Amino acid sequence: MHTPGLWQALHERRYLRSGWPWRCALYFLTSAPLGAALLVCLLVLALAGSLLTVVLVGVPLLLMLVLAGLPVARLERRRLRLIDPAVPMADAHRDPPRTGPAAWLHTRLQERSTWRELGYALLFACLLWPLEAVIIGTVVGVSGGLVSTPLVMATAGGGEEVRVIKLWLVHSYPAAFAVALAGLLLLPLLAYPLGLLSAGRARLTRLLLDAPPERDDVRVRELSRSRMRLVTAFEAERRRIERDLHDGAQQRLVALSMHLGLARLDTREEPLAGLLAQAHGEAQAALVELRELIRGIHPRVLTDRGLAAAVEDIADRSPVPVDLDLDLPHRFLEAVESAVYFAVCEALANVAKHSRATRAAVEARVEGGRLDVHVRDNGVGGADKAEGTGLEGVADRLSVLGGRLLVSSPSGGPTVLRVLVPCPPAPDRRLDARPVR
């Protein structure tokens, strides 16, 4: 990333009249003492830590060596403002998940930014600051030596001769003042290479210390956590709606149906008996529809008995015969069970509506920490998850959990829908359903 202020100033005529040359010189002047001090600190920590490791005292010293890049990087981000004040670099580290030094140390040691900053500290201590000392020493030494020639001749040479920057002799004051004038003219010429080197140094610092991939990873993780929290809240809301319908509206419809049935028994006269019979039938139909709606929102069997029992239930209600081979040794997180259940529901619904299949099969296994579910049918094939909102919605729902939906459906069949989703066990949830064969 370029330094916009410095690069722009280098292309303008007023660069020499601005403060940029002085800022660049100050940046390089501060590098030498900081780099020398850092080199000494790193050598002391490395030697002392290595020698004292046998008595365990050296372990904290080695940890300090590993974490030495953190304060160096923080100081370098601030010092970079001398030559790149327009776009300050933000801290690339994330906050620890818990309080305390142990959580902080564990987080820092796992971050790539920590190791990038350590690499920068080593590069700065071993290579960069000596080069920068040579650069600023050359600029200051050459221009300063030329400009100060008359003064040196008057004080050290006795007014007779002086050696200019240890290269050639000057024997008179007119020649000394000519050399000083040449130094003044050379100073602006040296300011441009100094600015170019400073801009390159700023770019190198940003390349090593500004770690957007890590920050992007942090944002992705935070986004994934927020999506997972939304899914969990959505599932909780589904269960609340299912519970309210089951315990509220359904019970009222059952009571209404019973009262209408009793009224039919007590009333024999027409047309009231016919109206009661019709109302009783409508109440029964509404009750059936409500039960189907409740089952579609969140089936009670899934909550009470788990994924295997819920899949067995939808297989029993499928118009196409379904063979089951389920080996699910434990309960899973509610979001995982719900997502996989509705994926199987969508797959079996598509089998019944579109595949013209005569038989289907559902297999489920836990392998390598993932729940692997296959839904097969012997239909005509041609299914594509990109063409249907149902399968696309299932794929989106699984992706929130880190899962995938794979569909293989060549023309002529068979169709295989595969669900892969991470499945950490939920030890606090009781498993009532046993493997179904």
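A residue counts as buried here when its relative accessible area is under 20%. Keep that cut-off in mind, because Arg201, with a relative accessible area of 5%, falls on the buried side of it. We'll come back to that arginine once the overall layout is clear. One thing to know before we start: what you are looking at is a predicted model.

Let's begin with the whole chain. It has 14 helices and seven strands. Of its 437 residues, 38% are buried. The accessible surface comes to about 24,300 Å², and carbon and sulfur atoms account for 63% of that. If you take the contacts between residues at least 6 apart in sequence, 70% of them join residues at least 24 apart.

Now back to Arg201. You'll find this residue in helix H8, which covers residues 173–209. What is Arg201 linked to by salt bridges? The network it belongs to also takes in Glu76, Arg79 and Glu132. As a general point, side chains of opposite charge can pair when their charged atoms come close. Leaving out neighbours within four places in sequence, Arg201 is in contact with those three network partners and also with Tyr27, Tyr120, Phe124 and Leu128. So this buried arginine has both charged and aromatic residues among its contacts.

Next, move along the chain to the largest nonpolar core, which holds 43 residues. Which of them touch the most other members? They are Leu307, Val340, Val344, Val362, Leu371 and Val373. The elements giving two or more residues to this core are helix H11 (300–305), H12, E3, H13, E4, strand E5 (370–377), helix H14 (389–400) and strand E7 (415–422). H13 gives the most, with eleven residues. Apart from this core lies another one, of 34 residues, including Tyr15, Ile83, Ile136 and Ala191.

Leu307 is a handy place to stand and look around the 43-residue core. Not counting residues up to four places away in sequence, Leu307 touches Leu302, Leu328, Phe332, Glu337, Val340, Tyr341 and Leu371. Two of those, Val340 and Leu371, are on the list of residues touching the most other core members. Leu307 is also one of the buried residues of H12, along with Ala308, Ala309, Ala310, Val311, Ile314 and Ala315. The buried residues of this helix pack against H11, E3, H13, E4 and E5.

H12 has a charged pair too. Asp313 forms a salt bridge with Arg317, with the closest N and O atoms 3.2 Å apart. Why can these two meet within one helix? They are four residues apart in H12 (residues 307–317), so about one helical turn separates them. Both are partly exposed: Asp313 has a relative accessible area of 24%, and Arg317 has one of 39%.

From the helix, step across to the strands. E3 and E4 run parallel and are joined by five bridges, with Leu324 standing opposite Val362 in E4. To get from E3 to E4, the chain passes through H13, and this β-α-β crossover is left-handed. E4 then pairs with E5 in the antiparallel sense, over eight bridges. One of the paired positions is Val366, whose bridge partner in E5 is Leu371. The hairpin of E4 and E5 has two residues between the strands, and Gly368 takes a positive phi near 60 degrees there.

Salt bridges also tie this region together. Arg365 forms one with Asp325, the closest N and O atoms being 2.7 Å apart. That pair links distant parts of the chain, since Arg365 sits in strand E4 and Asp325 in strand E3, 40 residues apart. Is Arg365 buried or partly exposed? At 24% relative accessibility, Arg365 counts as partly exposed.

A second pair, Arg359 with Asp323, has its closest N and O atoms 3.0 Å apart. Here Arg359 lies in the loop between helix H13 (334–355) and strand E4 (360–367), while Asp323 is in strand E3 (residues 322–326), 36 residues away. Both of these residues are partly exposed, with relative accessibility of 39% for Arg359 and 36% for Asp323. Counting throughout the structure, the salt bridges come to twelve.

Notes: Residues numbered from 1 in each chain as written. Predicted model: local features only at pLDDT ≥ 70, side-chain atom pairs only at ≥ 80, totals over all residues. Heavy atoms only, no water. Salt bridge = Lys/Arg side-chain N within 4 Å of Asp/Glu carboxyl O. Buried < 20%, exposed > 50% of the residue type's maximum accessible area, 1.4 Å probe, protein only. Contact = heavy atoms within 4.5 Å. Core = buried A, V, L, I, M, F, W, Y, C linked by side-chain atoms within 4.5 Å. Pairing = 2+ DSSP bridges. Right-handed = clockwise from strand over helix to strand, strands pointing away. Areas by Shrake-Rupley, 256 points an atom, 1.4 Å probe, with all protein chains shown as cover.
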